[in-house]
Amino acid sequence: MTGAVSLLETLQQAVPLAGFTSFRVGGLAQFYDEPASVEAIATAWQWARLADFPVTFLGAGSNLLISDRGLPGLVLNLRRLQGATFDLATGCVEVAAGEPIPRLAWAAARQGWSGLEWAVGIPGTLGGAVVMNAGAQGGCMADILQSVQVITDQGLETWSREQLQYDYRHSVLQTGHACVVSAQLQLQPGFERSQVLTTTSTNFRQRKRTQPYHLPNCGSVFRNPEPQKAGRLIEACGLKGYQIGDAQVSELHANFILNCGAARAQDILSLIRHVQGTVGDHFGVNLHPEVKLLGEFQDVI
Ligand SMILES: Cc1cc2nc3c(=O)[nH]c(=O)nc-3n(C[C@H](O)[C@H](O)[C@H](O)COP(=O)(O)OP(=O)(O)OC[C@H]3O[C@@H](n4cnc5c(N)ncnc54)[C@H](O)[C@@H]3O)c2cc1C
């Protein structure tokens with residue numbers, strides 16, 4: 001009862017979601033909450049289930065394209081669930097879902113613990129990185145994740161890495177039926193602090209040089225059709241700089257789409273479809289979006 005009362009105090013209606021995504025687009029959440037504890041998440045989840053509302057989880061919104069029409073039901077933003085505890089004896093780190101990944105990577109580097117040097121330029125949360133199997137520069141979450149605590153319809157559960165069925169930018173968590181609340185990562189302590197810090201800084205600088213951080217975007221829009229690179233195929237089609245509305249294929253890295261000011265989610269999706277169609281016609285390759293589309297769109301292919 002106490003939980004339900006405090007939920008009603010923090011629950012908001014008709015909240016604009018654009019400011020919670022790195023693309024800076026998206027309509028209103030019908031209901032919105034930022035639970036700061038596992039109990040608060042469980043209470044909000046239960047409330048939505050009883051009301052028969054869909055529930056959408058949000059981390060830093062750095063891999064999302066949310067419809068201009070917004071999202072029905074309850075949006076739970078996990079960003080207030082922060083913190084990381086380093087176990088000096090074992091090299092294990094217990095991390096809360098809303099912990100920013102770059103902050104975690106720098107904290108590990110400062111301890112001289114190896115394993116997160118690749119993660120420093122990924123502007124997401126731990127929860128989003130676990131769900132997406134985020135990765136860069138040769139590393140990914142699947143390499144270091146030991147287990148994860150999730151809330152499901154059955155309550156709080158611990159899942160092993162094997163249960164997540166990790167693959168390239170894939171996990172079973174992408175079905176949206178479980179909320180990640182924390183995870184245990186196994187890092188490697190005992191390195192020279194300066195060595196881990198140097199690798200981390202080098203990775204960060206390299207990303208800043210090769211990827212556009214100056215305008216809103218979602219990172220790589222398409223999964224790489226291994227062994228090929230989506231960016232190279234898009235560039236070879238002459239699409240760098242191609243624009244629909246205020247959505248533009250980046251001149252710096254063709255697998256990035258930029259919001260140059262007032263792009264709508266629909267403009268970005270139209271550009272995604274245009275790129276897919278053009279690359280398909282030129283190379284016979286189907287590009288699959290890595291970015292998650294949430295909500296209703298008027299599709300264009
Ligand atoms: C400039 C830039 C660079 C990027 N570079 C990379 C890169 O190098 N490598 C890479 O892999 N990605 C990259 N990304 C994409 C993005 O940062 C990652 O996918 C990141 O892991 C997403 O985390 P998030 O917290 O923002 O998740 P969100 O975008 O908020 O959500 C992503 C998915 O996870 C779900 N989700 C989020 N939190 C939870 C939770 N606690 N429980 C259950 N479900 C949840 C959401 O519902 C959604 O389906 C980049 C993005 C940007 C903007």
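User: Among contacts between residues at least 6 apart in sequence, what share joins residues at least 24 apart?

Analyst: Keep in mind that this is a predicted model. Take the contacts in the protein between residues at least 6 apart in sequence, then pick out those that join residues at least 24 apart. That share comes to 64%.

User: Why can the protein be called as compact as a globular protein of its length?

Analyst: Start with its parts: eight helices and 16 strands. For 301 residues, the globule rule gives 19 Å. The protein comes close to that, so it is as compact as a globular protein of that length, with a radius of gyration of 20 Å.

User: Which helix gives the most to the largest nonpolar core?

Analyst: In soluble globular proteins, nonpolar side chains tend to be buried together. Here the largest nonpolar core has 84 residues, and Leu 65 and Ile 268 are among those with the most contacts inside it. Leu 65 is also in contact with Ile 268 itself, as well as with others including Phe 23 and Val 291. The helix that gives the most to this core, with seven residues, spans residues 265–283: helix α8.

User: Which strand brings the largest share of the side of domain 1 that touches domain 3?

Analyst: The domain assignment puts domain 1 at 2–77 and domain 3 at 230–294, and their centres are 28 Å apart. Where they touch, domain 1 puts in 12 residues and domain 3 puts in 11. On the domain 1 side, six are nonpolar, four polar and two charged. The largest share there, three residues, comes from residues 64–66, which is strand β4.

Note on methods: Residues are numbered from 1 along each chain as its sequence is written. This is a predicted model: local features need pLDDT of at least 70, side-chain atom pairs count only at pLDDT 80 or more; totals for chains, interfaces and linings use all residues. Helices (H or I, at least four residues) and strands (E, at least two) are DSSP runs, numbered from the N terminus. The radius of gyration is taken over C-alpha atoms; the globule rule is 2.2 Å times the number of residues to the power 0.38. Two residues are in contact if their C-beta atoms, placed from the backbone, lie within 7 Å. A nonpolar core is a set of buried Ala, Val, Leu, Ile, Met, Phe, Trp, Tyr and Cys residues joined through C-beta atoms within 7 Å. A residue is buried if 20 or more other C-beta atoms lie within 10 Å of its own, exposed if 12 or fewer, and partly exposed in between; C-beta atoms are placed from the backbone. Domain bounds come from an automatic or database domain assignment. Ala, Val, Leu, Ile, Met, Phe, Trp, Tyr, Cys and Pro count as nonpolar, Asp, Glu, Lys and Arg as charged, and the others, Gly among them, as polar. Lists of a residue's contacts leave out its neighbours within four places in sequence.
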